[in-house]
Every structure is written in C-alpha cells, then in structure tokens.
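Visitor: I should like a close look at a single part of this model, namely its aromatic pairs and the surroundings of their rings. Please take me through them in one connected account.

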Amino acid sequence: MLKLKAMRGRYRWRQLHSIKELRTNPNSYPSKKTLTQRRHNDKPRPVGDSDIKQWNMVISYYMRNSQLDSALHFFNLMPRRSSVSYNAMISGYLMNGRFDLARNLFDEMPERDLVSWNVMISGCVRNNNVAAARELFEEMPERDVVSWNAMLSGYAQNGCIDEARKIFDRMPCKNSISWNALLATYVQNGRMEEACRLFESKLDWDLVSWNCLMGGFVKKKMLVDARRVFDRIPFRDKISWNTIITGYVQNGEIEEARRLFNESPVRDVFTWTAMVSGFVQNGLVDEARETFEQMPQKNAVSWNAMIAGYVQCKRMDMARKLFDKMPFRDITTWNTMITGYAQSGEIAHARDFFDRMPRRDPVSWAAMIAGYAQSGYSEEALRLFVDMKRDGERLNRSSFACALSTCAHIAALELGMQLHGWLVKAGYESGSFVGNALLLMYCKCGGIEEACSAFEEIMEKDIVSWNTMIAGYARHGFGKEALKIFESMKAAGVKPNDTTMVGVLSACSHAGLVDRGMEYFYSMNQDYGITANSRHYTCMVDLLGRAGRLDEAQKLIRNMPFEPDAATWGALLGASRIHGNTKLAEMAAELIFEMEPENAGMYVLLSNLYAASGRWADVSKMRLKMRDTGVKKVPGCSWLEVQNKIHTFSVGDSCHPDRDKIYAYLEELDLKMKREGYMSSIKLILHDVDEEEKEHMLKYHSEKLAVAYGILSIPAGRPIRVMKNLRVCEDCHNAIKYISKIVGRLIILRDSNRFHHFREGSCSCGDYW
DNA sequence: ATAGGGTTAG
C-alpha cells in the first residue's frame, strides 16, 4: 500500500519536476519567434477556449522569464480574458516580487475565483508577508485545502510554530501536503526532535515527507541520522539520492558522496551539479571539471557551480573562459564573477562586470560593496551604497550592517549617522544584528556618546552588544564607564565571556585601576569559568606596565602557562618605552623581531627609542636592518571627514587643493604654540637629516595637516575627528595638546591603537598609549 | 493559474 502510494507520488513529482527544470533551463522554452508566429496565426480565427489557453500559456512563459512588460503586452492584446488569464498575470507578478501590481490586478478583475485568492495568499507567503496572507485568508468567501495549506506553510516558513499548529488543528480537510507542511514546520525551524516525534506518530507518510525529514538532518549536519532515514525510505526517488549525496558533500565526505553518486540509479542535473560543487568545495577543481564535462545536460546552475570552482581557487582566467563560453548566463553567473574578481584584488574588472550586467539584485550590490570595502576602497564602497539607495534598491539588514562596518573601518561618522537615519526610517534599528553594527560604528568613529545611546536603544542586547560597549569605552579611555557597563551586564544576568574580560581588563588599564584589574584577572576563572588567554595576559602586562610596575609585568610573562606572543611582548615594550627603560625595551623588541620579522612598526618604535636617548649608531643599525630584511615602513596617513567627503593626508602632503591655506595656518599655529612653551621633539627624527629639515618634517606630519584642515573647515563648537593608520607620534601628540588649548576645540584622534580626546591642553590617554 | 522535498552567487 505504502509502495503504491509512493509510486503514485513519484509520478506526480516527475511531472512537476519537469516543469521546474523548464524554469531553470531557458533553452527548453519555445523561442520567442514561434510564440509570435502562433499569435499571428491565431488572430483571424474566432476566439474559442482553446485560443485563450494558448494566450495564457504565452503570458505564463513571459512571467517565468521575468519579462513582465511582454506578459502585460500580450495580456492587453487578448481579445477575451478568462479568470485564468488574470490569475496567470497575478501569479507572475508575485513570482517577481511585485506585490503592488498583483494587488491592483486582483482588485480590478471582474470575477475572482478561488484560485485567484489562493494565488494571492501563496504570493504573500513567498514574499514573507504572512500578515497580508492572513488578511486575505480571513477575507475570502470560501476556502479549499489549498488555501489552508498555503496559510500553514506561510507560518512554517516564518518560524511561527504555534500559529502553524493552530491552523493545522483547525483545518476542516487535510491531505498529505498538509501533513507534510506540519512536518516541515518543525524541520525548517530546526526542531528535529519534534519532527521525529510527529513522524513516528503516523505511518503512511509520502515520499516528500521522508525527503523533508532527511533534508532536515542534512541541514543540521546530522549525517548519521540522515543516512538512517535514507536507508529506511521504502521507495527512493532522485530527490532522496540528491539529498543524501549533498549531505555528504557538504560535510566534506566527498568519497562517500562519490560512492553513492556511482550507485544512484536516478542521476539528473541536480545530482551532477551537486557532485561538481562537492569537488569544488573540497578543493578538487580538476575532478570538478572532469565531472562537469561528463554531464549529460547542463543548466545555468551547473555552469555557475563550475565557474565558482575556478573563482574559489583564484583562477579567474579559467572562470572568464567558462563565462564567455556559457550559453545562458543568469544573475548568479554575473554575481559569481564579480565576487571572484573582487576577491582576487582585480577590483576594476569586478566593477566592469557590475556595470555591464543586464540586471542587478541585492546580491550584486552587496558583492561589489564588500569587494571595494575588502580591497581598502572604503569610499567607493560607501558611494556605491548610496547609489544603491538612490536606485531604489531595497536595503536589507545585511546591506546596512555591511555599510555600517565599512563606516566603522574608515571612521566615516557623518555617513554613518546618515545610515542611522535611513535605518530608523526603514524600521530596522531595534534588533541586535543591526544594533550591534550601529554601536560598533559609533565606537570606532569616535562618537562615544552616540554609541552610548545606540547601545541603550538595542532592545535585545546580546553578549556582543555588551562586549562592544565595554571595549568601546575602554578604547576611548573611559575606564570607569566601561566598568559600570560591566556591572549592569552582570545585573542583567548575562554571563561574561573571554572577550568581555579583555574589555574589562583593558578598561582597568586605561583607568589606572591596577588593583581592581588584578582582582578581576585572578578571580575570573572561579567566577565565570574563564581561563586566561594571551589577550588577557597582554592586558595585564599593559596594566602593570602603565603603573610602572615593570618587574611584576616581567614576572607575569615568565609565569604564563603558554608561550607569550608578540602582542604581549609589545605591551612590555610600550611600558618600558614610557618609563624610559631602554634595556628592557630592547629585549622585548629583539623577541618580537624573531617572531614577526616583517613588523615594520617595531623597527620604527625601537629606532625612535634609540633616537630619544641619543644612540645614533643604533638608530643607523636599525635602518640597515630594515633595509636588509626588506621591511618597508608603512607610510603614515591621516584622514578626516568634512561634509561627507573623506580628506586624506600624508607627510608633507602637497596634493590637497587647500594646501596653501593649511600650511599657512600651521605656521601661524606653530608660532602660537612656541609662545605657549611647545618644543618640537627634534630628537625623534633620524639624525642624518639637518636640524631645520627635521623640524619641517615633524611640522607637517599627516595628523597635524589633518587637524589643521579640520580646524579650518569644521564649524566651531563641533569636535574635530581625525584618524591615523599608525600610532600617533610623540611630537604630534604633544603638539595637538597645545593646539586644543589654543583654538579651544575638542580634537578626537583615532590612531591604530586607541582614541585620544584632546581638550584644554590635555589628552584622555594620560600620555600613555 | 494556487499548497510540500534536492544543485549555484553575498
């Protein structure tokens, strides 16, 4: 009995499947030409039912190909329309996400039948609008099992398990699809235990449900359970085989996948494509290509999988060859190429494809924006985000999060605030996903007050929200505030993790709370079960070192239960430098050189240290060493945002359009600073440059240029926010303190390590960084 | 023309 039913199901599914295959393989459609011919042939004859049927077919053909205008054109040309014609149009609009057009047609159609209502409901469900679906469902004059099933799966897909269950219990008539929808409710929401319980409670499940259950296990990577289901299925179809093969593929068990593939009696495009992508995911491009060549038929997805394979191993030339050879490209093909070029650093090629593609979707935009952001073209990334909004593309949560993290990276506060405004309009701000991105943006852009209110606005604070806020305060030098947040976190019943404690310890360090920091460090294992890692040790070395307790810091390093890393020695180096212990600094630097010979910052740091104590011979030695090891000093650069535009400066920069004004202003400032008692620390510059030249180079360090430009172009009363890619140099730090006093402005400088808030002649870092 | 399962891109 079971077998008979399964066979009947199998037949139906074969039929349905062939339709799906048609959808993904445009080559199988009748050509536009034959369709037009048919139209002309039809015209002179009297209009009968069979003619309407043909028109309807034309409409749904165009709709499936997303050619909405052509579909509408033929719809308007029809001599007579049945409700099926309307339904085809409505369903097509919904298939293409055009709820508005569907709704209009639905409202104006002369007589709606049951199918019209059902089409609308399922369309709403497909576009994830259960509320609208439910409204239609309540409104419709009569319902059949399709209406109930559509509603049920609507709730299932949107995670409303209880609602789904309620609908199921209320259904006046159920068929196997209803049962399967209930099963899918549990499976899609990861409730495998409940799914199994339901499955065991009934005997005559059809094949789709068996496959659904197995697919649930595959998605949860529970391969053993999936295999058990597979072995128990009374009658397997190709979807059963494809599901289990995909399961092995996605878990890296490519050999088992290959074995089943060879054993499978029912291979189709899906099976073959799964194998191609399986080889790709396991790094076997050549095997993938071999399989690809052997495929009896290929669709766009198969080509895309193969192209993605070349993309993943950075063989863009091969990817390009396939792209050119491909007979039918879809939007994924273009998106894959864009991603590929972006990831191999060929950003211009990526942009070229982006500009040339016939149609763009949110994935295309995201790929291009992320490509720019990852290659360091943050400005272009953000410009594109703005273009995207202008083009009327719907911005989703992840596009916002991506744009916000780009803002955070380059500290584009103004743009970040604009994004915040758009976010509020789109109604996205209260969740923790976007909320955390917003919080991080404000923290990294130096807007600590804004960060604080963004934090308070997150309705569901998760551990990331708390950690970001604590670390944010710490980096800005507001240690006490950070600790206050830590206390509220505990009061809210959130258990701190290791990242939390890094923030807490560095907050103690920045606030000079040595004893409290030690207490936290030594009790965190007992209190929260957190074992100290190297980041925690680094904080402690920093904490002790900042307080001048260099011996204790050394002792701590010696007693570490694992090998100290470069960052830990770096903390000791920083502390020794501040407290003038050249010998200790040298030792730390030597160790760091061994671990990270390519770390240019260390050479510069040590070289400056020698210069400070007048050891010019050692300075030269460092220079030689840098040359010998081929390490290049990363050029310092600073930037700031003025009216949504990023202005970048490097040492002695003469590219800025306002350079004359900036240099003149710096001269003016220099005089005033000297009158206040400022002395430029000439000793920091390599000694073989003559004195005047040295002073000149110091005077025009990138951060000074940026600060000067900020004072000139940002209205009084607003803080000047400058970013630097390296640590701020000692002379600049000193100079900016004077400047903040002379001009009476708040200057916030983000260097590669932390934030400095300069106000009234002093800095929030307490001259330790 | 409407309801359920498997392959590609961020």
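Guide: What follows is an account of the aromatic rings, pair by pair, with their positions in the chain.

The model is predicted, and the structure holds 29 aromatic pairs. One of them joins Phe-137 and Trp-148, whose ring centres are 5.1 Å apart; because their planes stand at 85 degrees, above the limit of 60 degrees, the pair is edge-to-face. This pair links distant parts of the chain, with Phe-137 in helix 8 (residues 130-139) and Trp-148 in helix 9 (residues 145-157), 11 residues apart. Phe-137 has a relative accessible area of 0% and is therefore buried. Trp-148, at 5% relative accessibility, also counts as buried, the cut-off being under 20%.

A further aromatic pair consists of Phe-323 and Phe-353, with 5.1 Å from centre to centre and 65 degrees between the planes, which is again edge-to-face. Phe-323 belongs to helix 20 (residues 316-325) and Phe-353 to helix 22 (residues 347-356), so this pair ties together parts that are 30 residues apart in sequence. As to their surroundings, both Phe-323 and Phe-353 are buried.

Beyond these pairs, some rings are grouped. Phe-168, Trp-179, Phe-199, Trp-205 and Trp-210 form one aromatic cluster.

Rings also meet charged groups in this model. The charged end of Arg-112 sits over the ring of Phe-106, at 4.7 Å from the centre of that ring. Likewise, the ring of Phe-354 has the charged end of Arg-360 over it, 4.7 Å from the ring centre.

One more aromatic residue, Trp-422, appears among the buried residues of helix 26, which include Leu-419, His-420 and Leu-423 as well. The 14 residues of this helix (residues 413-426) should span 20 Å at 1.5 Å a residue, and its end C-alpha atoms are 20 Å apart, so the two values agree. The buried residues of helix 26 pack against helix 24 (378-390), helix 25 (397-410), helix 27 (432-444), helix 28 (448-457), strand 1 and strand 3. Just after helix 26 comes Gly-427, which takes a positive phi of about 75 degrees.

Terms used
Residues numbered from 1 in each chain as written. Chains lettered and ligands numbered in written order. Predicted model: local features only at pLDDT ≥ 70, side-chain atom pairs only at ≥ 80, totals over all residues. Heavy atoms only, no water. Helix = DSSP H or I, 4+ residues; strand = E, 2+ residues; numbered from the N terminus. Expected span 1.5 Å × (residues − 1). Buried < 20%, exposed > 50% of the residue type's maximum accessible area, 1.4 Å probe, protein only. Contact = heavy atoms within 4.5 Å. Phe/Tyr/Trp six-rings, centres within 6.5 Å; stacked < 30°, edge-to-face > 60°. Lys NZ or Arg CZ within 6 Å of the ring centre and 35° of its normal.
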